Amino acid sequence: MVHHFGGKSLCLAMLTVVLTLNIPCSNSLRIENRVKTKSAVFGSPVFELEPGSVLNRIYYNIDFPRGHIAVKSFNAEVVDEAGRPVPLHETYLHHWVILRYYQRKGVSNVEQDSFKKLDQTNFMFARNNGVCQKNVLGQYFGLGSETRKTPTFVPDPYGIEVGNPAEIPDGFEERWLMNVHAIDTRGAEDSLGCTECRCDLYNISKDEHGRPLGPDYKGGLLCCYDQTQCRVRKGFRGAKRSLYLRYSVEWVDWTDSILPVKIYIFDITDTWSGLNSAKHDCKIEYNVAESCKGTGTMSSQGCVDTRRKRVRMPTGGYVVYGVAHQHSGGTGSTLYGEDGRVICSSNPIYGKGKEVGNESGYIVGMSTCYPQPGSVKILDGETLIQESNYNSSQTHTGVMGLFYILVANQLPNPKLFMHSPL
């Protein structure tokens, strides 16, 4: 069952919250006589979790605004059936992603097989503009534990264009799917180990398809697939509960005054070398080995694992927005231009308490970049440098180092827009 919250008062309340959380620290362009932003709040199908259990599922044909529109923001969080937000120290939101796809009209129940076989007869993905291959990291939206305090608003006059009839293949219709990966850590013997999917805590030696894991694979997505169980303290009892992912979308109807942006996602694990190869094999996750004994805090001097990766930008443009995605232990990520200039630095915000949105020890937000229009430009074919830093005073498994940027091909017409602080 899908929850759809369409009440006007609730939508207005959610809109207020979204705008409050997503105010950039810089000035932005505002459209004179701008088109009114619309908003809606939806819910994923309900899922059940009990202490130590894992959910990692794909939901097809989810509720999403229809028509030719410009998406302005997308936010999500795990809540219980009463709509109360659930803290990360009870249910850890490893990640959620939203992907766009096309399905042939009049054909039903093809999604699951098509996803596995990549059958483009009745089903095909509509990917972002990122360089990763093998249908990896093709999402339009996605975050993890940082979702509640990470701004996602696309500033005026820009928007993420979807639903353009000219782009939808004949005989197909546009749809959206959602992947939710959540881990219930109530009563866990090692909460961090559960969220980092350490194989020994899950008693896993084979992946979800029955294939043996290599001896060097200590933790990651292959050990915390759907319906696996992380070890909890002996004698701990906790109720099974029903949860769902509540997500809110803001958008405007498409007009010629909106400038489209392209979505690029870069991965620090990309194997591309730039040497006679165009292959971008993104591994998504990696491990951080303990390099020294520190204080265990994020500021431990010298205890830093730094990864750097070169990636060539296929088509350049003006950067509108940027943000990184890291897991617990992350200390920040930066995207550099070929000449060493900083395109965007994104740093984690760690919680300091127990309340929702401020959970101690968890990344509860990532800082974002909203450059002044035209101030940050990437050239066609420019080789960028991505850097991802993690505290290495202890081992971390299954961490990620992603960087999202939105890029526009053109600048707004100054005669139609004006500066105003948000």
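These legends walk through a few close-up views of a predicted model.

Local features come from residues with pLDDT of at least 70 and side-chain atom pairs count only at pLDDT 80 or more, while totals for chains, interfaces and linings use all residues. Residues are numbered from 1 along each chain as its sequence is written, and side-chain values use heavy atoms, with hydrogens and water left out.

**View 1. The whole protein has four helices and 25 strands.** Helices (H or I, at least four residues) and strands (E, at least two) are DSSP runs numbered from the N terminus. Of the 422 residues, 57% are buried; buried means under 20% relative accessible area, exposed over 50%, and partly exposed in between (1.4 Å probe, protein chains only). A contact means heavy atoms within 4.5 Å. Among contacts between residues at least 6 apart in sequence, 80% join residues at least 24 apart. The protein exposes about 18,700 Å², with 51% of it supplied by carbon and sulfur atoms; these areas come from the Shrake-Rupley method with a 1.4 Å probe, and for residues only the protein chains shown count as cover.

**View 2. Here are the two chain stretches with pLDDT below 50, residues 1-33 and residues 418-422.** The predictor's confidence in each residue is its pLDDT, from 0 to 100. For the protein the mean is 88, and 85% of residues reach 70 or more. Beyond near neighbours in sequence, residues 1-33 have 73 contacts in the model, and residues 418-422 have 15. Where pLDDT is low, the predicted coordinates should not be read in detail.

**View 3. The largest cavity has a volume of about 240 Å³.** On a 1 Å grid over the protein atoms alone, a cavity is a set of points where a 1.4 Å probe fits but cannot get out, and lining residues have an atom within 4 Å of a point. Grid points are joined across faces, edges and corners, and the volume is the space filled by probe spheres set on the points. By this rule there are seven cavities of 30 Å³ or more. Sixteen residues line the largest one, and Tyr 140, Phe 141, Thr 152, Tyr 321 and Tyr 404 lie nearest its centre. Strands E9 (141-143), E16 (317-325) and E24 (402-408) each give two or more residues to this lining, with E9 giving the most, three. The lining has 14 nonpolar, two polar and no charged residues, where Ala, Val, Leu, Ile, Met, Phe, Trp, Tyr, Cys and Pro count as nonpolar, Asp, Glu, Lys and Arg as charged, and the others, Gly among them, as polar.

**View 4. The loop between strands E13 (259-267) and E14 (286-288) holds His 280 and Ile 284.** His 280 is buried, at 7% relative accessible area. Leaving aside neighbours within four places in sequence, His 280 touches Val 131, Cys 132, Gln 133, Asp 270, Trp 272 and Val 311. Its C-alpha atom is separated by 9.9 Å from that of Gly 130, 150 residues away along the chain. Ile 284 is partly exposed, at 22%, and has a positive phi near 75°.

**View 5. Two more backbone details are the cis peptide bond from Asp 156 to Pro 157 and the positive phi of Cys 197.** Most residues other than glycine have a negative phi, and most peptide bonds are trans. The cis bond has omega near 5°, and Pro 157 sits in the loop between E9 and strand E10 (158-162). Cys 197, with phi of about 55°, lies in the loop between helices H3 (191-195) and H4 (199-202) and is buried, at 1%.

Notes:
On a 1 Å grid over the protein atoms alone, a cavity is a set of points where a 1.4 Å probe fits but cannot get out, and a pocket is an open set with protein on both sides within 12 Å along at least five of seven lines; lining residues have an atom within 4 Å of a point.
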